[in-house]
Amino acid sequence: MSTTSTTVKGRNQHLLKLVLAAMTAALAYVVFTFLQIKIPLPGGDQTSIHLGNAIVVLGAQLLGGVWGGIAGAIGLTIGDLFDPIYITSAPITFIIKFGIGLITGLVAHKIGKITKRQDKKQIFRWALLSSIAGLLFNLIFDPLLRYFYKILVLGKPAAELTLAFNFASTGINAVVSVIVATALYMALRPALEKAHLLPKVGKI
């Protein structure tokens, strides 16, 4: 294969990932902004039930941890920035959602090598395991980082009152998002492969 041909294919892959990343960011924003269920908490705070995390996981499974994580983090962070309730926690949102993408990508691509597998049972297994890994990370670190951020940076004394509620809502989001992300990956992957639009992903 010539160097020119390799370069063109590399550019096509980069463009494909860029387009899919933009779509992931937009979808994460739309799902979080328009399909969430807000739950008022003590001290004027709020938590919510939403599927934004499922989009981050799906992005990482399709694009790799770095591309998918950044795309999902951008989409959900923009969602926070346009919401008066969540605007102050936007920096934490970016960090956590990028982390979801990295962990998901690590399990899906470096450990599971999901894009190289053709057996449907193995694909499902690694789609499920990577979803669980990414959202388990979110379940542990999202409420804790937001708690310390509210206490140390924002100076919100009511943070302790909302911690339990945040753990509960994050747990619900995690369970639902694992199911949705896995189902979406299993549905989208064959269609993308058939259309030759499944990105080539390295280690994460």
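The exercises below, each with a worked solution, concern a predicted model of a protein.

**Exercise 1. Overall fold**

State how many helices and strands the protein has, and give their order along the sequence.

Solution. The protein contains six helices and two strands. From the start of the sequence onward, these elements follow the pattern α-β-β-α-α-α-α-α.

**Exercise 2. Overall dimensions**

Decide whether the radius of gyration of the protein agrees or disagrees with that of a compact globule.

Solution. Step one is the expected value: for 204 residues, a compact globule would have a radius of gyration near 17 Å. Step two is the value for the model, which is 18 Å, so the two agree. For the extent along the principal axes, the C-alpha atoms fill a box of roughly 65 × 35 × 25 Å. Of the 204 residues, 46% are buried. Among contacts with a separation of 6 or more, 75% join residues 24 or more positions apart.

**Exercise 3. Surface and charge**

Describe the exposed area of the protein and the placement of its charges.

Solution. The exposed area is about 10,400 Å², and 74% of this area comes from carbon and sulfur atoms. The charges number 19 positive and 7 negative, and the mean positions of these two sets lie 16 Å apart.

**Exercise 4. Helices α2 and α3**

Check the length of each helix against a rise of 1.5 Å a residue, then list which residues are buried.

Solution. Begin with α2, which covers residues 52-63 and so has 12 residues; the expected span is 1.5 Å times one less than that number. The expectation is 16 Å, and the distance from the first C-alpha to the last is 16 Å. Next, consider burial, for which the cut-off is under 20% relative accessible area. In α2, 12 of the 12 residues meet the criterion, so this helix is largely enclosed by the rest of the structure. Among these buried residues are Asn53 and Gln61, along with Ile55, Val56, Val57 and Leu58. Just after α2 comes Gly64, with a positive phi of about 100 degrees.

Helix α3 spans residues 65-81, a total of 17 residues. Its expected span is 24 Å and its end C-alpha atoms are 23 Å apart, so the two values agree. The buried residues of α3 include the glycines Gly65, Gly68, Gly69, Gly72, Gly75 and Gly79. Ala71, Ala73, Leu76, Thr77 and Asp80 are buried in α3 as well.

**Exercise 5. Tyr86**

Locate Tyr86, decide whether Tyr86 is buried or exposed, and identify its contacts beyond four places in sequence.

Solution. Tyr86 sits in the loop between α3 and α4. Its relative accessible area is 8%, so Tyr86 is buried. Leaving aside neighbours within four places in sequence, Tyr86 is in contact with Phe32, Gln36, Lys38, Gln46, Thr47, Ser48 and Asp80. Asp80 is itself among the buried residues of α3. Val19 is 67 residues from Tyr86 in sequence, and their C-alpha atoms are 27 Å apart.

**Exercise 6. Positive phi outside glycine**

For Lys113 and His196, give the phi angle, the location and the degree of exposure.

Solution. Take Lys113: its phi is near 45 degrees, a positive value in a residue other than glycine. Lys113 belongs to the loop between α4 (90-111) and α5 (120-154). With a relative accessible area of 40%, Lys113 is partly exposed.

Now take His196, also not a glycine, whose phi is positive at about 60 degrees. His196 lies in the segment after α6 (159-194). Its relative accessible area is 72%, so His196 is exposed.

Terms used: Residues numbered from 1 in each chain as written. Predicted model: local features only at pLDDT ≥ 70, side-chain atom pairs only at ≥ 80, totals over all residues. Heavy atoms only, no water. Buried < 20%, exposed > 50% of the residue type's maximum accessible area, 1.4 Å probe, protein only. Rg over C-alpha atoms; globule rule 2.2 N^0.38 Å. Contact = heavy atoms within 4.5 Å. Areas by Shrake-Rupley, 256 points an atom, 1.4 Å probe, with all protein chains shown as cover. Lys, Arg positive; Asp, Glu negative; His and termini not counted. Charge placed at Lys NZ, Arg CZ, Asp CG, Glu CD.
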